[in-house]
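Colleague: Could you take me closely through a single part of this model, and then add what you can about any unusual backbone angles?

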Amino acid sequence: MQQLIVIEGPTASGKTALAVALAKALNTVVLSADSRQFYKELAIGTAKPTQEEMQGIPHYFINSHPVSEPVTAARFEAEAMHLIQNDLSEYPQLILVGGSGLFIDALCTGLDPIPADAEIQLKLRSELEKKGMEPLLAELQEKDPVFFGQVDQQNPVRILRALEVIRLTGKTFSEWRKNKGAERPFKVIRFAINHPREILYDRINQRVDLMIEKGLAEEVRNVENYRHLTTLQTVGYKEVFDFFDGKYSLEVCIDKIRQHTRNYAKRQLTWFRKHPETIWLEAKSTSEMCADILQFIQK
């Protein structure tokens with residue numbers, strides 16, 4: 001049976017380098033499960049790997065879609081499954097890398113059949129545009145505190161989806177997410193990178209500073225026509241839009257990106273820890289972690 005080797009972990013933990021090293025060792029390819037690296041127009045703010053960082057390893061779901069066509073977890077699941085069962089079927093092992101837990105789970109275990117309602121979706125998007133995230137977050141915290149504690153609170157797509165289900169059915173989003181798992185034609189092996197908190201936060205701060213140096217503000221300016229899309233109401237983009245609107249200085253903007261990214265990393269770790277089968281790798285050099293994984297999967 002084909003193996004899907006998952007490399008997950010919080011933002012700035014070193015997933016990309018590890019996935020590339022492992023793909024080179026196994027002579028295979030990488031599938032990205034980062035919910036924003038799909039988009040061709042977003043690079044700096046998503047820490048998208050460069051051609052140099054990919055080291056010639058084929059990557060799928062990087063620069064694969066325009067930002068005007070949002071990729072949901074369900075769409076990612078369908079497209080990735082088709083790819084694995086057709087174009088990539090000859091590979092004994094594949095690497096899945098990313099920090100978006102929902103997208104990783106969509107491919108590894110499938111999504112629960114949760115109802116939807118277009119009218120409620122439109123109403124929620126209108127509320128978001130008129131009132132912002134705060135009242136929606138307050139509603140989610142009151143009605144589904146379990147999911148509120150797990151979700152990326154800077155990601156309006158997931159907030160609106162949860163509230164849509166709650167308003168439509170009267171049941172919490174947590175109740176609908178049974179996570180029973182779907183049959184898959186591959187064996188999933190999960191690895192997560194674990195840094196001491198202070199080291200992870202330092203890595204995050206350094207990454208944000210590098211994004212600013214590379215021209216994050218210019219990148220955000222170039223996609224300003226799409227700022228109404230929920231895809232761009234996320235960490236690194238929302239704060240810069242607020243800076244453009246004069247809500248605060250550039251210095252405060254950068255501090256907020258750092259803070260919100262650290263908060264996001266906490267929620268990522270909470271999500272990954274809900275899978276007891278995950279093998280946690282103590283952060284070491286890329287080569288050492290790669291060797292640990294190879295030793296494990298070759299047992």
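Modeller: **Strand 5 and its partners**

Of the 9 residues of strand 5 (residues 186-194), 7 are buried, so this strand is largely enclosed by the rest of the structure; buried here means under 20% relative accessible area, exposed means over 50%, and partly exposed lies in between, with a 1.4 Å probe and protein chains only. Strands (E, at least two residues) and helices (H or I, at least four) are DSSP runs numbered from the N terminus. This is a predicted model, in which local features need pLDDT of at least 70 and side-chain atom pairs count only at pLDDT 80 or more, while totals for chains, interfaces and linings use all residues. Residues are numbered from 1 along each chain as its sequence is written, and side-chain values use heavy atoms, with hydrogens and water left out.

Strand 5 pairs with strand 1 (residues 2-8) in the parallel sense over 7 bridges, where pairing requires that DSSP finds at least two bridges between two strands. In this pairing, Lys187 of strand 5 has Gln3 opposite. Strand 5 also pairs with strand 6 (residues 279-282), again in the parallel sense, over 4 bridges, and here Phe191 stands opposite Ile279.

As for the backbone angles, most residues other than glycine have a negative phi. Ala47, although not a glycine, has a positive phi of about 55°; it lies in the loop between strand 2 (30-32) and helix 2 (51-54), and its 23% relative accessibility is why it counts as partly exposed. Asn63, likewise not a glycine, has a positive phi of about 55° and lies in the loop between strand 3 (59-60) and helix 3 (73-85).
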